[in-house]
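Hello,

Here is the structure for you to look through. Please open it next to this email and follow along.

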Amino acid sequence: MRAKDAVGRYGEAVAARHLVEAGMSIVSRNWRCPIGEVDIIALDGDALVFCEVKTRSSVAFGTPSEGVTRAKVARLRRLAVHWLATERSDTDFWRDIRFDVVSVLRNSRGAATVNHIRGAF
Amino acid sequence: MTIARTQAVALTGLRGQLVEIQADLAGGLPGLHFTGLPDVSVVEARDRIRAAVVNSGIPWPDRKITLALLPADVRKVGSRFDLALAMAVLAAAGVVGGEPVAGAVWLAELGLDAKLRPVRGVLPAVIAARQAGVSRVVVAEANGPEAALVTGVDIRTASDLTEILGWLGGSGPPLRRAAPGDRVDPPDPLDLADVTGQVIAKRGLELSAAGGHHLYLLGAPGAGKTMLAERLPGLLPPLEEAAALEVTAVHSVAGALAGAAGMIKRPPMQAPHHTASVAALVGGGSGLARPGAISLAHHGVLLLDEAPEFSAAAIEALRQPLESGEVVIHRSLGAVRYPARFQLVIAANPCPCGRRGRDCTCAPQARRRYIQRLSGPLLDRVDVRVYMDPLSRAELTGPRGQDEDSATVAARVRDARAVAAQRWSEYGWQLNASVTASVLWATGWRLPRSVLAVAEAHAERGELSARGLDRVLRMSWTIADLAGRTSPNADDVAEALFFRSGRNLT
């Protein structure tokens, strides 16, 4: 489990850097609540983005973004509702809410391949 | 925008309809989505085409793929769309050029190993493609000979996806052009000369073959009913072009064409077992129905051996197709029409124990019930009825080899059929059995009173229904045709009456 978690943490760091480079600002990372965890919550202009990061070390079991299953999609939606209910304040301002997936493929050497799917679901 | 198009054919019965398949690659979570009334077997293609593409060494596009099968309101059933779907995805992903993919119809199932596999109903599908103006169809190798029976279409065959990719990409040889299948039927091993004696029954068989009349053989076990009935197709002339195409198409849809089959030229014969269900007999199956035994016997012979053992529902289901020459099967997904213009041969024992006369051990009621299972309306449509006695000792032990062979009888049948077809050509009928009552009694065809006298006497006594009288007339024409007379005489009518009345059945 250790190795797996390490891959995940690495991926989240890569993803966060990627989002910031794309002009987004990070609101929260690894936000936890009783029903689960949101990898990254960010602001992209006037859109609030709930972001699922999926990292893999090889495509032997499919590409990383294919690992985002229906169950994960459903959980992220529930988590978003939860976040909005508990964390939002009156000063927050956004027009849209979006769900993105960032797939990170760790290569054996060199930089990881990052694929940012905007509005994935 | 990455959209690619390709084409396939959906089949409803024997009617094919061109289906356009569009593939769209878009951002979003990777996945494959279908629209356009695909049934489960089409949606299952998702896993097949993906495995096939990956196993051909092509990376599967990591995009959201939407496949539309248009027109969207036509049901698409079966694995026949696999290849077209795969080609649409590959073209949308830019692996192959869009033009050659869009210009052809792709008809094959894909294995996980990327091999092209044959599908049912290729012949009617290619006919539909030609009607829609398609000039090129790609099929699996095993379907090539069948597809190439349709002229005017460039039929290409491939054994796997790699061959197609090599051809389209220019790195491999062009796909092979398929040659039409040349089906050489082995000589019919069944010959009429094998049947000893049974002169009356053989005469009935010949009449039946010459005029297309339905036949009823009643007789004790061992009298040779089945032997005789099995020899009927051997007496019929080979199928003409149009009929052969229809028969081959039905067999293709049923998946009953063997291997490298060409056109079926010999009249088919179907002898369903008496436990056959209604669906097996007239066609059926969930969703869209498949052809049953009566459609596989189209332009051929349907033999119901041990007919009283068939379920009443199965027997009754035959009545409507017997009249109309086709069967319409309604299912939740729509009505399917299959041709079913067959010649019916009914064979039956006189009673459950099969021993007629003094030896019979059946109760009278049981005997009556047994034979009454063949409904009146069905038997009413059967013109030629023969009772076959078991062979006498003299016939069994006497010299053999004196019986006419099939070729001799078939020649007479062919000539008689030619005369009949010529005579009714202005009405478009081939067989005496097809002539309508209105024409039988019309001026010019109506027989003189002197000739009809015997039959009319029967009718007046109530032994012959109006429909029965018409049938006697039709058979009289057949008898005259076989004898080379231009019009039936009183003897011909009397013979027809003998076979029709069932007097000999006792």
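Below is what was found, starting with a sheet in chain B and ending with one residue in chain A. Please keep in mind that this is a predicted model.

The sheet in chain B is open and has five strands, in the order β12-β15-β18-β11-β19. Their pairing is parallel. As background, the strands of a sheet pair through backbone hydrogen bonds, in either a parallel or an antiparallel way. At the edges are β12 (269-270) and β19 (384-388) of chain B, and each of these pairs on one side only.

At the β12 edge, β12(B) pairs with strand β15 (residues 301-304) of chain B through two bridges, in the parallel sense. There, B:Q270 sits opposite B:L302 of β15(B).

At the β19 edge there is also a helix to look at. Helix α8 (residues 199-211) of chain B lies across β11 (215-219) and β19 of chain B. The helix runs at about 160° to β19(B).

Next, the two chains. Five residues of chain B are in contact with nine residues of chain A. On the chain B side, the touching residues are two nonpolar, two polar and one charged.

Last, a residue in chain A. A:C33 belongs to strand β1 (residues 25-33) of chain A. Is A:C33 buried, exposed or partly exposed? A:C33 has 14 C-beta neighbours inside 10 Å, so this residue counts as partly exposed. A buried residue would need 20 or more, and an exposed one would have 12 or fewer. From A:C33 to A:L105 there are 72 residues in sequence and 27 Å in space, C-alpha to C-alpha.

Regards

Key:
Residues numbered from 1 in each chain as written. Chains lettered and ligands numbered in written order. Predicted model: local features only at pLDDT ≥ 70, side-chain atom pairs only at ≥ 80, totals over all residues. Pairing = 2+ DSSP bridges. Helix = DSSP H or I, 4+ residues; strand = E, 2+ residues; numbered from the N terminus. Contact = placed C-beta atoms within 7 Å. Axes fitted to C-alpha atoms, helices over the stretch in contact; angles between N-to-C directions. Nonpolar A, V, L, I, M, F, W, Y, C, P; charged D, E, K, R; others polar.
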